[in-house]
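Hi,

Here's the structure I said I'd pass on. Have a look at it first, then read my notes underneath.

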Amino acid sequence: MTLWRIRATVDDRPGYLSVLTASLALRGVNILTVQVQPTEQGAVDDFLVDAPDALDEAQLIAAVERGRGRDCWVARSEARGLADQPTRVLGLANRLVRDPDATGEALQTLLGADSVTWRPASTGIDRGITGATMTLADPAGGSFALRRAAPAFTPAEYARAQALVELAATVARRAAEQVTLVLPDGAEVAVRPGCAHDLSGLVELHETCSPRSRQRRYLGGGLLPQPARLRRLLEPGRGLTLVATTTGPDGAAGSVVAMANLLGEGDEAEVALLVRDDWQRRGLGSALLRRVVRHADAAGYAALVLHVQAENTPMLRTLRRLGRPSSVERDGALLTLTVPLAVRAAAERTGTVLTPGA
């Protein structure tokens, strides 16, 4: 038996696909997988089949046409074609997470393109499918042009390819957002925006922090917050969570040792820090706070709000290092500090309209 890929257009009407499959079955062809891609001309059916060795390309095309299929394309396949489309796409996505620069190779593998070319200019280029060419916008700038002599590209393939390009751009953007901080004692940590995948690291951070540190962060008891709450901190509706991780000798990310939260509400944003006990008093909290303040400035918030216990001297000292004026309200042992942001004040002086962003 021999593996073949068959693609044909079938009228999208009840019973037509069964006529095609019956025609193939009469010739001993076993259909292993089938994908249906709707188009304006009809349903494009993509088959992976196992056919008797005696059948050649012409005979397979004849069988498809007798089964009311048209615009038939047939090509030999390899055993790796047995992997279904979702499995192949997930494998390519995993490759892009590891290496965003492999976008061209991933597109070529995904669609079996003859060539993939990246063009720096993205303006004045029609996106979509034109003949044997598919043009995709690159969110990072420029565009990709894919060519495949046969079979013709379909709208479903275009959507898959564009999603893959956007994934690569997102991974590359997140990599660019990561910075390495060198602390005063020479220690290095990587700082980047948090994501859902950091949940286990965040749970471990809270487990290794002392009850006193957790109590200062959450202003209640020193109990561990539930994973659902930590997940919301990692993916706030408006704002940002930064995580600081150690780095191994090979550059791989290690443990999460600190986090900084910026949670937007109206034109103000609440700020909170948690630093693992053995990383406190090393300048990490100050560095995270400065980065969060810069993000809030750029997002257009009018002020930052921090709720700090009066006895939390290290946090109050960290705030003073910002060098920004703040107002303080006291309610028993709790201090509420409001830090106006210069960007908003400057915008109001010049008449610029700013909308608080995420």
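Below is what turned up, one region at a time. Keep in mind that this is a predicted model.

Let's start with two helices. H3 covers residues 85-98 and H4 covers residues 103-111. Their axes lie 10 Å apart and make an angle of about 175°. Angles over 145 degrees count as roughly antiparallel, so that is the label for H3 and H4. On the H3 side, the contact is made by Gln-85, Arg-88, Val-89, Leu-92, Arg-95 and Leu-96. H4 brings Thr-103, Glu-105, Ala-106, Thr-109 and Leu-110. Sort the residues of this contact by character and you get five nonpolar, three polar and three charged.

Next, some strands. E9 (residues 179-182) pairs with E10 in the antiparallel sense, over four bridges. The two form a hairpin with five residues between them. Look for Gly-186 in the turn, where phi is positive, about 95°. If you want a spot to click on, Leu-181 stands opposite Val-189 of E10.

E10 also pairs with E11 (residues 239-247), again antiparallel and again with four bridges. There, Arg-192 sits opposite Val-243 in E11. How many of the six residues of E10 are buried? Five are, so E10 (residues 188-193) is largely enclosed by the rest of the structure.

Now the cysteines. How many disulfides does a search of the whole structure find? Zero. Take Cys-195: the nearest cysteine sulfur belongs to Cys-209 and is 19 Å away. Seen from Cys-209, the closest cysteine sulfur is the one in Cys-195, and 19 Å is too far for a bond. A disulfide would need the two sulfur atoms within 2.5 Å. Is each of these two buried or partly exposed? Cys-195 is partly exposed, with a relative accessible area of 21%, whereas Cys-209 counts as buried at 3%. The cut-off for buried is under 20%, so Cys-195 at 21% does not make it.

Last stop: Val-339, which you'll find in strand E16 (residues 334-340). Val-339 has a relative accessible area of 6%, so this residue is buried. Leaving out residues up to four places away in sequence, Val-339 touches Ala-302, Ala-303, Leu-304, Leu-306, Arg-324, Pro-325 and Ser-326. Ala-272 is 67 residues from Val-339 along the chain, and their C-alpha atoms are separated by 13 Å.

Cheers

Terms used
Residues are numbered from 1 along each chain as its sequence is written. This is a predicted model: local features need pLDDT of at least 70, side-chain atom pairs count only at pLDDT 80 or more; totals for chains, interfaces and linings use all residues. Side-chain values use heavy atoms; hydrogens and water are left out. Axes are lines fitted to C-alpha atoms, for helices over the stretch in contact, and angles run from 0 to 180 degrees between N-to-C directions. Angles under 35 degrees count as roughly parallel, over 145 as roughly antiparallel, 65 to 115 as roughly perpendicular and the rest as oblique. Contact means heavy atoms within 4.5 Å. Ala, Val, Leu, Ile, Met, Phe, Trp, Tyr, Cys and Pro count as nonpolar, Asp, Glu, Lys and Arg as charged, and the others, Gly among them, as polar. Buried means under 20% relative accessible area, exposed over 50%, partly exposed in between (1.4 Å probe, protein chains only). Two strands pair if DSSP finds at least two bridges between them.
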